[in-house]
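Today I wanted to look up two things: how the strands are paired, and where enclosed space is left inside the fold.

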Amino acid sequence: MSETLYQKLQVLESETHPLDRIGRLTAIRGPLLAWYRENARTLPWREDPSPYRVWISEIMLQQTRVEAVKPYFARFMEALPDVETLAAAADDRLLKLWEGLGYYSRAKNLKKTAQILVNEYGGRLPDTREELLSLPGIGSYTAGAIASIAYGKPEPAVDGNVLRVLARLLACRDDISAQAVKRQFEADLAAAMPKEDCSAFNQGLIEIGALVCIPGGEPRCGECPLRSLCLAERNGLIGEIPYKAPKKPRRIEERTILLIESGDRIAIQKRPEKGLLASMYEFPGLEGKYSPEEVLAAAEELFYSEAEIRSVTPVPDAIHIFSHVEWHMTGYRLEADRIPACFLAVPRGEISEKYALPSAFDRYIKLINGKS
Ligand code: ADE
């Protein structure tokens, strides 16, 4: 098999003069860029890396896989093609476009930032790390990604993929969830990255993390353009690095979900403007785990006189996992003569079409749509 360009470009390190951290990161430039040119996936935000498209895609790609993001990105660009339309978008429309991606505060911050861009930056995203960092929802990674990918600036962009690749390359056994480790990698990359091809350099590291130095499972070291420089591979540490300190266990919240139905209408309500799933719609609920008798008693106390409730029927339980909390849900279908005035009474068919209900309620949405 003939050698590829990036294999030829691998730097061979002398045993007597090993590279230091910056030297090692500088030495990856050639093989990384050559590999990226041959192996980069064609992705919608790469074909036209305008600042707006890079910004939106990078926010969507936080916590969400590339394949899952693609249809969301296409719909978002169609509906809100520029900063101005995003700044003027109705909240419900924006949340509907975001529905299923989760972490809804990201969508709200997009709109806040778009409004700042319209009012203070002539509708353009700034190109410096400092200005980008001052905008809602833009942290160190996203600022670096926008500056380098959209504006070609030599700014590092260290996300989870890059943390893993660098930890292995440098045989760093520290906890990669620690901010100090990320800051150190950013400083090292800022010193080592090229002044040209900054977009390809940063996206090359991300791409190696996604395709070669993969999370979970065996990395594909045989295909890695950085293999000859990788200290974890050389020292048999691939299985131990990256190291992540165990997380605190998530808090468990018991909730009772009420599918209150009257004829073809069903009750939903808007969540508070602050906190988890802010401003999204939800089925009414009670904190804690209720039995059918307790549901009946609570509904009579809160919304109904006794004769108005026709039946209370258990429906399947559901669990939804957020980053810090788990909802353990017990569900009931409550058929009644009317929907209490404190709720929105929505025709069953309109729930999925018109309202942004978080995916935490998927099990119950399917149920009322007759699909399970
Ligand atoms: N994940 C985060 N940013 C990305 C990018 N620009 N390309 C592919 N995957 C990514």
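My entries below take the strands and then the cavities.

**Strand pairing.** I kept in mind throughout that this is a predicted model. I began with strand 1, residues 251-262, and found that it runs parallel to strand 6, residues 325-336, with 11 bridges joining the two; within this pairing I noted E253 opposite W327 of strand 6. I then looked up strand 4, residues 285-287, which pairs with strand 1 in the antiparallel sense over three bridges, and there I257 stands opposite G285.

**The hairpin.** I also followed strand 1 into strand 2, residues 265-270, where the two run antiparallel and are joined by two bridges, one partnership being that of S262 with R265 in strand 2. The two strands form a hairpin with two residues between them, and in the turn I noted that G263 has a positive phi of about 60 degrees.

**Cavities.** How many cavities of 30 Å³ or more does a search of the whole structure find? I found two, and the largest holds about 100 Å³ of space. Of the 13 residues lining the largest cavity, R168, C213, C224, L226 and C230 are the closest to its centre, while helix 12, residues 160-169, gives the largest share of the lining, three residues. I recorded this lining as 10 nonpolar, no polar and three charged residues.

The second largest cavity has a volume of about 30 Å³, and its lining includes W45, R46, P49 and I149. Helix 5 supplies the largest share of that lining, three residues, and I counted four nonpolar, two polar and two charged residues in the lining of the second largest cavity.

Terms used:
Residues are numbered from 1 along each chain as its sequence is written. This is a predicted model: local features need pLDDT of at least 70, side-chain atom pairs count only at pLDDT 80 or more; totals for chains, interfaces and linings use all residues. Side-chain values use heavy atoms; hydrogens and water are left out. Two strands pair if DSSP finds at least two bridges between them. Helices (H or I, at least four residues) and strands (E, at least two) are DSSP runs, numbered from the N terminus. On a 1 Å grid over the protein atoms alone, a cavity is a set of points where a 1.4 Å probe fits but cannot get out, and a pocket is an open set with protein on both sides within 12 Å along at least five of seven lines; lining residues have an atom within 4 Å of a point. Grid points are joined across faces, edges and corners, and a volume is the space filled by probe spheres set on the points. Ala, Val, Leu, Ile, Met, Phe, Trp, Tyr, Cys and Pro count as nonpolar, Asp, Glu, Lys and Arg as charged, and the others, Gly among them, as polar.
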